[in-house]
Amino acid sequence: VQTSFRSGKEQSKAMYEKAKKVLPGGITANIKYFSPQPIVMKTATGCKITDVDDNSYIDYLLCYGALITGHGHEQIMRATIKHMQNIGTAIFGAPHELEITMAEKLIELYPSIDMVRFTNSGLEATLFAIRLANAYTGKSKIGKFEGHYHGGANNVLVSVNPNQEEAGSELEPTSIAESNGIPVHELKQTIVLPFNDFEATEKLLRKNKDDLAAIILEPIQGGFIPADATFMHQLRALTEELGILLIFDEVKTGFRVHLGGAQSIYHIKPDLTTLGKVLGGGFPIGAVGGRKDIMMYSAPNDASDIFSSGGNSTAKKDVVFHSGTYNGHPVVLAAGLETIRLLEQDGVMNDLVYKTNLLRTKLEELYASYHVPMQTIGMGSIFNIVFTNDPIRNYRDMWKANKDLREAIDIELLELGIYNKPSNRYSLSIAHSMKDINKTIEAHEIAIKNVLLK
Ligand code: PMP
């Protein structure tokens, strides 16, 4: 793998050196780092992003999938600017109409959602969903699947040991904290489960049913490894039987795989759903939606209707604390509503998925013509490139893929004007044209030649 860029990244390098003096690692989120060094960006429009050395790239990172309409879509810009001109930057600390409009929209699109609360990030949404589940069930542990990401909170930053020798049995993964600084007692609140293995999951759930408030999962892990439909339906039935709430974390899949999220594809109603990313139209947001009897645990009014509707906790009515200075920020909601409006137009989602599938097929054909074992996996407008022909059904299957080759190809693509964080998923936007897709395929062919045939 290349240890530095060949040329044309001088300003980026200089700026990154400067950044390292004031920002730990030169970055503001660890995910922004990659080797040989992160590229410092300057401007972006549509599906193009330009770095400080004026190199232009076709962007497939799209802020980790958030920018489904591309950078700075004209209608979204207009909607937010109009809002600010009319009303100001925000109506802090008071209810306003867009909160209701957006909540109604989510209720319309997501059949499992009766009520909604907004947050400022996906992380806050999963945190709040889990707290609601704990209060509702009167239990305190959660189950999560290995390799699934739910934001950086202590109790979900728990997964399997990436060191394969120490990862424990596939049937009962050894859970470890994915960060330094997570107290052991918090680690013990989370039970790590094997994804797409119902028999093993069932055993762990039955064993821990009296402690488990909820299971949280990405219905499509990382946005690209789908749960088997039977696994999902069995899990829904079992959680209902055992009194464990089912939380779908659709921060990544919401609006990307379907306007109504993965749950609309699987035809499953989770008890709670978390959303984020696309929902904010390029601005920070998160949301929790779900069953009224659970959501009402956060309502500060008279709680008599909560306790007659199935909750079994002895906690008091307003025990589920939920707050945030910027919750329901109107500029963010204006951008989000405009995004949904754009996506709801006739044929827009179909076209986006069509383009994505075409890119996937053409890439698969290209790599096959060079006899490189490669597959694309994903759903809707998001997919990943995996260098193995073995089936990928969970986190451990990814160990079989040729990671070094993926990284080398991705770094070469950065030289050729295709932007993604090396080894990351591909997200597409409505701004990607057929010309961009063809250019991307051409760049892959050059990358294959440069990496493998030199
Ligand atoms: N859940 C999932 C499935 C995510 O993909 C992410 C972000 N990658 C989060 C939660 C956390 O969202 P945020 O970064 O907005 O806190």
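**Notebook: sheet, core and backbone oddities**

I began at one residue pair and found that M115 stands opposite G290 in β14. I note at once that this is a predicted model, and every entry below should be read with that in mind.

Entry 1, the sheet. I looked up which strands this pair belongs to: M115 falls in β4, which spans 115–119, and β4 pairs with β14 (residues 286–290) in the antiparallel sense over 5 bridges. I then traced the whole sheet, which is open, has 7 strands in the order β4-β14-β13-β12-β9-β5-β8, and shows mixed pairing. At its edges I found β4 and β8 (190–193), each of which pairs on one side only. I also noted the twist, which averages 20 degrees from one strand to the next.

Entry 2, the helix on the sheet. I asked myself which strands helix α4 touches. Helix α4 (residues 122–137) packs on the sheet and touches β4, β5 (141–145), β9 (212–217), β12 (245–249), β13 (272–276) and β14. Its direction makes about 165 degrees with that of β13.

Entry 3, the core. I looked up the largest nonpolar core, which has 108 residues, and wrote down L132, A133, A214 and I247 as those with the most contacts inside it. The largest share of this core, 9 residues, comes from α4, and the core draws at least three residues from each of domain 1 (9–23 + 31–54) and domain 2 (74–344). I followed A133 further and found that, leaving aside residues up to four places away in sequence, A133 touches A213, A214, L245, I247 and L272.

Entry 4, a cis peptide. I found a cis peptide bond joining S35 and P36, with omega at about 5 degrees. P36 sits in the loop between α1 (10–22) and β1 (41–45).

Entry 5, positive phi outside glycine. I looked up two residues here, beginning with C63, whose phi is near 50 degrees, a positive value in a residue other than glycine. C63 lies in the loop between β3 (56–59) and α2 (74–87), and C63 counts as partly exposed because it has 14 C-beta neighbours inside 10 Å. For N196, phi is near 65 degrees, again a positive value in a residue other than glycine, and its place is in the loop between β8 and α6 (198–208). Is N196 buried or exposed? I count N196 as buried, because 21 C-beta neighbours lie inside 10 Å and the cut-off for a buried residue is 20 or more.

Key:
Residues are numbered from 1 along each chain as its sequence is written. This is a predicted model: local features need pLDDT of at least 70, side-chain atom pairs count only at pLDDT 80 or more; totals for chains, interfaces and linings use all residues. Two strands pair if DSSP finds at least two bridges between them. Helices (H or I, at least four residues) and strands (E, at least two) are DSSP runs, numbered from the N terminus. Axes are lines fitted to C-alpha atoms, for helices over the stretch in contact, and angles run from 0 to 180 degrees between N-to-C directions. Two residues are in contact if their C-beta atoms, placed from the backbone, lie within 7 Å. A residue is buried if 20 or more other C-beta atoms lie within 10 Å of its own, exposed if 12 or fewer, and partly exposed in between; C-beta atoms are placed from the backbone. A nonpolar core is a set of buried Ala, Val, Leu, Ile, Met, Phe, Trp, Tyr and Cys residues joined through C-beta atoms within 7 Å. Domain bounds come from an automatic or database domain assignment.
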